[in-house]
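Reader: I have a protein model open and do not know where to begin. Could you take me through how to read it?

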Amino acid sequence: MAPKTEIQTRPARLLLPDGTETQATVQWEVFSAQSAGKRAVQAWILSWGAAIAAVFIPLLHFILVPGLIITGPILFFVMSRARSRMLGGQGTCPACQAPFTIGAGQTSPRFYDLCTSCRREVTVELDRSQG
């Protein structure tokens with residue numbers, strides 16, 4: 001059976017310091033335990049593969065090889081525990097009402113982003129109650 005991932009759409013709020021807010025949606029990729037494990041093993045193998053390739057780089061191999069060998073198990077541990085990641089989202093800027101794109105990769109429930117139209121700092125609050 002193939003590892004399963006699921007894409008979920010969740011609500012978020014875009015806030016200004018004066019209290020003005022608009023609604024947004026974010027896309028999350030949710031991993032099954034099997035899928036998270038597979039990603040973690042792939043990261044470990046990639047790290048150790050890069051360590052093997054780094055053996056042939058003069059002088060840098062003294063730093064790269066030990067660093068990549070240590071990084072492999074650390075990546076495995078971190079990635080095997082990760083059950084979801086944010087892919088990004090869309091909303092409307094509360095300041096200028098222009099389309100607002102939320103960048104991928106955020107994991108905290110509250111973070112700051114800039115509107116590409118008016119360049120104002122907007123607080124993004126994710127609704128984590130759904131996952």
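Author: We will go through the sheet, the helix, the salt bridges and the nonpolar core in turn. Keep in mind that this is a predicted model.

Reader: Let us begin with the sheet. In what order do the strands lie, and how are they paired?

Author: Strands of a sheet pair through backbone hydrogen bonds, either parallel or antiparallel. Here six strands make an open sheet, and reading across it gives the order S4-S3-S2-S1-S6-S5, with antiparallel pairing. At the edges are strand S4 (99-102) and strand S5 (110-114), each of which pairs on one side only. From one strand to the next, the twist averages 30°.

Reader: How many bridges join S1 to S2?

Author: S1 and S2 run antiparallel and are joined by 11 bridges. One facing pair is Ile7 and Glu29, the latter in S2. The two strands form a hairpin with five residues between them, and Gly19 in the turn has a positive phi of about 100°.

Reader: And how many bridges join S2 to S3?

Author: Seven bridges join S2 to S3, again an antiparallel pair. There, Thr25 has Gln90 of S3 opposite.

Reader: What joins strand S1 to strand S6?

Author: Strand S1 (residues 5-15) and strand S6 (residues 121-126) run antiparallel, joined by four bridges. Leu15 has Thr123 in S6 as its bridge partner.

Reader: Which strands does helix H1 lie across?

Author: Helix H1 (residues 33-54) lies across S1, strand S2 (21-31) and strand S3 (84-92). Its direction is at about 75° to S2.

Reader: Now the charged side chains. How many salt bridges does the structure hold?

Author: Side chains of opposite charge can pair when their charged atoms come close. This structure holds four salt bridges. Take Arg85 and Glu29, whose closest N and O atoms are 2.7 Å apart. Arg85 is in strand S3 and Glu29 is in strand S2, so this salt bridge ties together parts that are 56 residues apart in sequence.

Reader: Is Glu29 buried or exposed?

Author: Glu29 is buried, because its relative accessible area is 12% and the cut-off for buried is under 20%. Arg85, its partner, is partly exposed at 37%.

Reader: Which residues are linked in a network of salt bridges?

Author: The network links Arg13, Glu21, Arg110 and Glu125. Within it, Glu21 and Arg13 meet through their side chains at 3.0 Å, N to O. Both are partly exposed: Glu21 has a relative accessible area of 35%, and Arg13 stands at 30%.

Reader: How far apart are the closest N and O atoms of Glu125 and Arg110?

Author: They are 2.2 Å apart, and the two residues form a salt bridge. Glu125 lies in strand S6 and Arg110 in strand S5, so the pair connects parts 15 residues apart in sequence. Glu125 is buried, with a relative accessible area of 18%, whereas Arg110 is partly exposed at 45%.

Reader: What else does Glu125 touch, leaving aside its neighbours within four places in sequence?

Author: On that count, Glu125 is in contact with Ala12, Arg13, Leu15, Pro109 and Arg110. With Arg13 there is also a polar contact, side chain to side chain, at 2.3 Å.

Reader: Next, the nonpolar part. Which residues have the most contacts inside the largest nonpolar core?

Author: The largest nonpolar core has 15 residues, and those with the most contacts inside it are Leu14, Val26, Met86, Phe100, Ile102, Val124 and Leu126. S1, S2, S4 and S6 each supply at least two residues of this core. Leu126 shows how to read one residue's surroundings: neighbours within four places aside, its contacts are Pro11, Ala12, Val26, Trp28, Met86, Ser108, Pro109 and Phe111.

Reader: Last, a residue in strand S2: what does Val30 touch, not counting residues up to four places away in sequence?

Author: Val30 lies in strand S2. With those residues not counted, Val30 touches Lys4, Thr5, Glu6, Gln8, Arg10, Arg83 and Ser84. As an exercise in distance, find Val30 and Gly91: they are 61 residues apart in sequence, and their C-alpha atoms are 21 Å apart in space.

Definitions and conventions. Residues are numbered from 1 along each chain as its sequence is written. This is a predicted model: local features need pLDDT of at least 70, side-chain atom pairs count only at pLDDT 80 or more; totals for chains, interfaces and linings use all residues. Side-chain values use heavy atoms; hydrogens and water are left out. Two strands pair if DSSP finds at least two bridges between them. Axes are lines fitted to C-alpha atoms, for helices over the stretch in contact, and angles run from 0 to 180 degrees between N-to-C directions. Contact means heavy atoms within 4.5 Å. Buried means under 20% relative accessible area, exposed over 50%, partly exposed in between (1.4 Å probe, protein chains only). A polar contact is a pair of N or O atoms within 3.5 Å; within protein, one must be able to donate a hydrogen and the other to accept it, and residues adjacent in sequence count only if both atoms are side-chain atoms. A nonpolar core is a set of buried Ala, Val, Leu, Ile, Met, Phe, Trp, Tyr and Cys residues joined through side-chain atoms within 4.5 Å.
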